[in-house]
Amino acid sequence: MFQSDPMPPPAEQTARAADPHGGAQRPVVLELRNLSCAYGADRPAIADISFSAQEGEIVCLLGPSGCGKTTTLRAVAGFEPVTKGEIRLEGRLVSAPGHLVPTEQRRIGMVFQEYALFPHLRVRDNIAFGLRHLSSDERASKVRLMLEMVGLTALAARYPHELSGGQQQRVALARALVQKPAVLLLDEPFSNLDPDMAGKMREDLHDLLRRTKTTAILVTHDHDEAFAMADRIAVLNNGRLEQLDTPEAIYHTPSTPFVADFVGQADFIPGTIENGTVQTEIGLFPNQAGYPSDAQVVVMIRPDDIHIVPVERSFAHIVGRRFHGSENLYTVGLPSGRVVHSSEPSTTVYPVGTPVELQVNATHTVLFDQRLGP
Amino acid sequence: MNQAASLKPSLPDSLSLVALTVAGLLCLPLAYVAHMALSADAAIWSRLWTTRIPELLFNTTALALSVAAGTLVLGVSLAWLVARREFPGRRVWEWALVLPLAMPTYVLAYIYSHLLGAGGPVESAWQILVGPDGRLPSPHSYAGATLVMTLDTFPFVYLLARAAFLNLNVSYEEVARACGVSRAGTLLRITLPLMRPAIVAGLSLVVLYVVSDFGAVSLLRYQTLTYAVYQQITGRYDPTAASILSLLLVVVALVFLVAERWFRQRSRFFQTTGRYRTPGRRQCGPLGATLATVYTTGVFAASFGVPAFMLATWSFSAVSSGALDARFVGFIWNSVSLSGVAATCAVLIGLPLAYLASRRPTRLNLLCLQAAYAGYVLPGPVAALALLAIVSHLAPFWYGTAAVLVIAYVVHFLPAGLQSMEPALQQVTPNLEEASRSLGFGTAATLRRVTLPLVRGGFVAAWVLMFLQSMKELPATLLLRPVGFDTLAVRVWLEASEEYYQLAAPAALLIVIMTIPAILLLLSKDWRAA
């Protein structure tokens, strides 16, 4: 969709180039320190949120609705005052208690969930909206470049209501990017698109952000979207930051049961520490976290780490199968009444009731204190 | 549709027949005036064209445009203040600014001709300041009419603009801010352009109101088309000239209506879609709060507070000198009975039209409904003229009876009632009626047991609206009333014309007081939605 490329070729090709743990440190563009916002005196929306984004990095704020991710985004934009902590943009203090630099002076770009294209302006005037300070020639050439970049040159004279959802989103993106914002804020940008379109737009957006080396904060409740887009993911729950890490780490080594459960299918098997290992009804697991003897823990296992093999007799039986196209997700009943899930290849079909042996890839399991939940 | 008709052939057909007849009768006055005007002698046309018409057209449009400009400024700025700013008393002002709608134009006009007139309180105050020779421009002028009409009609713009401010998707404004545009720039470049349809709708109400107003311009002696039509009928009894001026008036009103329709059609895409966040109110600082309070208080005082106070004091002294006699009670009875009969007739007449248009929207039925809206472009004096002519030709024995007056009210105010009856019927899904039919009830029983109970709210609102407008109606009542049959509105106008301000006050106050709860009632529905 983004055919032509008027920008210089991308400097780096690796998708995860902005991994903060490797390579040269690039300047920090956005920094949140111990940020809290509240709707009322006793209604905190977010509390004690800290993270930063380096130049060119894509950070996803992930969480269920009401977790405070949109509030965080709006605080960065300057729409929500902060009650504690501070926000720095390009090193400048923009938000602190009693201090609020107006949105228009922050050099941010924003793409709303419903795009908020100005319905009384044509596509090109929407994109040129924030370029008043430029001469009309400069303005026109910037708009032209931007239209080429998002592949909408032919639709420049249309009104927003004459565009499809995907096209509207690209206009909203172009309108934000043409400002060369220090940081681009995206609020659930794909939620108004049908799933096929969303997948395609995701790739295009990722590509565009990389090419323009745009620092972006993206809010989403969809972990697949976060995995596909983010260099790092911040998982929020009840207004608090649960974990900030790379997508891989979020998935494989979640720091709380909430994160484990939210970012993908997970089973939690209770167990006890005995003789330095975790005893559970499906076998022994290593005590990686070093819990003391007799501690009550839960083992988090993902379906792709459990492989099932049909056997003559077993304590575990298949109780259900859901076909997902690329995989079969089996539900396996255990003697305690608990179930675990196993992801098997699309072509592997066993009837319900089959006794199975569980082969667990124990290196990927994660232990939590039982008192934490899930 | 056809199946429904074939199931119960007799009733729907008779209903259609009734609707067709009613629509024809409702259109008759307009058609008659047009016929009279167009069949008039060319000499009369050319005489009027060289003498009265240019001046009257100019006066009417000048007044309409200046009032539109005034209400635009007042209405939008006040709406912005109460919708986007927080200051002490904001909630009270938000409601209070609607109250001028309860003040008929002739009441406000007569109060202002006292306040601003020679020797009035404002001139006295001015003379204390600048000396005994200080003079103020007379309220009996273009400026006076503009002031009175602006103060009386700005709530139309205020209400619609307020709803638009509250319903605007605030994301548009936030995006504009994110694009680096300041608060003021956002207001000018995004918010106001997006509100254009609402503002235009408000202004078109104002313009229609001004063009067809008789009360204020007659008391302020400002020559507009409406006033001239009245004078042609009463002063010289020249129905032909009156019909020509009437036709002109109808055309002017139609031009504004069509222009508004056209604009609304063109700006359909202004509808905001998707989820939206309601815009918040920003707290005013001490200076801002003071300014906001001074401004809202000033507008409220000028448009309602001071006039209501004057009415109350005058009424008090009039009552203590014995104005509330049996005659006065008779005026009340005349007003109430006449308006009650008219509103009831209008609801009964409007029902088949609205019902057929929403349940069987054939071309003919929709046309019947449209025909009922003809009264919209039929200002009071024009309706009166048409009925006078029709009655004297076709039914002279009806001449000078209250029945003619009731017909005039129905023709004139049915459009306003239909606007509340039609949506009420539209909101009742036909499935409910079909369910009732499937349970064994016929059309009539279904109407009585299902449809009418569900639309009662909308119909009561329509009745109240038409009742009040009939109560306030002035020019048609003046022209058509039976000899010695005065209503409250007529008394106000007659006394005020003679500058008996105190004698006019009790009737005026009564009209205002009766109108207030109804206005609040009718608004409360829209209010919550906004």
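Q: How many residues of domain 1 of chain B are in contact with residues of domain 2 of chain B?
A: This is a predicted model, in which local features need pLDDT of at least 70, side-chain atom pairs count only at pLDDT 80 or more, and totals for chains, interfaces and linings use all residues. Residues are numbered from 1 along each chain as its sequence is written, while chains are lettered from A and ligands numbered from 1 in the order in which they are written. Two residues are in contact if their C-beta atoms, placed from the backbone, lie within 7 Å. By that rule, 33 residues of domain 2 of chain B are met from domain 1 of chain B by a number of residues equal to 37.

Q: How many Å separate the centres of domain 1 of chain B and domain 2 of chain B?
A: Domain 1 of chain B covers 29-308 and domain 2 covers 322-530, with bounds that come from an automatic or database domain assignment. When the centres of these two domains are taken over C-alpha atoms, their separation is 24 Å.

Q: Which element gives the largest share of the side of domain 1 of chain B that touches domain 2 of chain B?
A: Helices (H or I, at least four residues) and strands (E, at least two) are DSSP runs, numbered from the N terminus. The elements that give two or more residues to this side are α2, α6 (105-115), α8 (142-167), α11 (215-219), α12 (225-234) and α13 (239-266) of chain B. The largest share, 9 residues, comes from α13(B).

Q: How many charged residues are on the side of domain 1 of chain B that touches domain 2 of chain B?
A: Ala, Val, Leu, Ile, Met, Phe, Trp, Tyr, Cys and Pro count as nonpolar, Asp, Glu, Lys and Arg as charged, and the others, Gly among them, as polar. Sorted in this way, the side has 29 nonpolar and 7 polar residues, and its number of charged residues is 1.

Q: Is A23(B) buried or exposed?
A: A23(B) lies in helix α2 (residues 10-38) of chain B, and, leaving aside neighbours within four places in sequence, it is in contact with L353(B), C368(B), A371(B) and A372(B). A residue is buried if 20 or more other C-beta atoms lie within 10 Å of its own, exposed if 12 or fewer, and partly exposed in between, with C-beta atoms placed from the backbone. Because A23(B) has 22 C-beta neighbours inside 10 Å, it counts as buried.

Q: What is the packing angle between helix α4 and helix α10 of chain B?
A: Two packed helices are described by the angle between their axes and the distance between the axes. Axes are lines fitted to C-alpha atoms, for helices over the stretch in contact, and angles run from 0 to 180 degrees between N-to-C directions. Helix α4 (residues 53-84) and helix α10 (residues 183-212) of chain B have axes 9 Å apart, and they pack at an angle of about 140°.

Q: Which word describes how α15(B) lies relative to α18(B)?
A: Angles under 35 degrees count as roughly parallel, over 145 as roughly antiparallel, 65 to 115 as roughly perpendicular and the rest as oblique. Helix α15 (residues 326-359) and helix α18 (residues 402-427) of chain B pack at an angle of about 45°, with axes 6 Å apart. That angle therefore makes α15(B), relative to α18(B), oblique.

Q: Where does R221(B), a residue with positive phi, lie?
A: Most residues other than glycine have a negative phi, and most peptide bonds are trans. R221(B) has a positive phi of about 50° although it is not a glycine, and it counts as partly exposed because 15 other C-beta atoms lie within 10 Å. Its place in chain B is the loop between α11 and α12.

Q: What value is phi of E499(B) near?
A: E499(B) is in the loop between α22 (488-497) and α23 (501-529) of chain B, and it is partly exposed, with 13 other C-beta atoms within 10 Å. Phi of E499(B), positive in a residue other than glycine, is near 65°.

Q: How far apart are the C-alpha centres of domain 1 and domain 2 of chain A?
A: Chain A is divided into domain 1 (28-107 + 181-259) and domain 2 (265-372), and 5 residues of domain 1 are in contact with 6 residues of domain 2. The C-alpha centres of the two domains of chain A are separated by 34 Å.

Q: Which strand gives the most to the side of chain A that touches chain B?
A: The contact takes 20 residues from chain A and 20 residues from chain B. With 3 residues, the element of chain A (residues 108-111) that gives the most to this side is strand β7.
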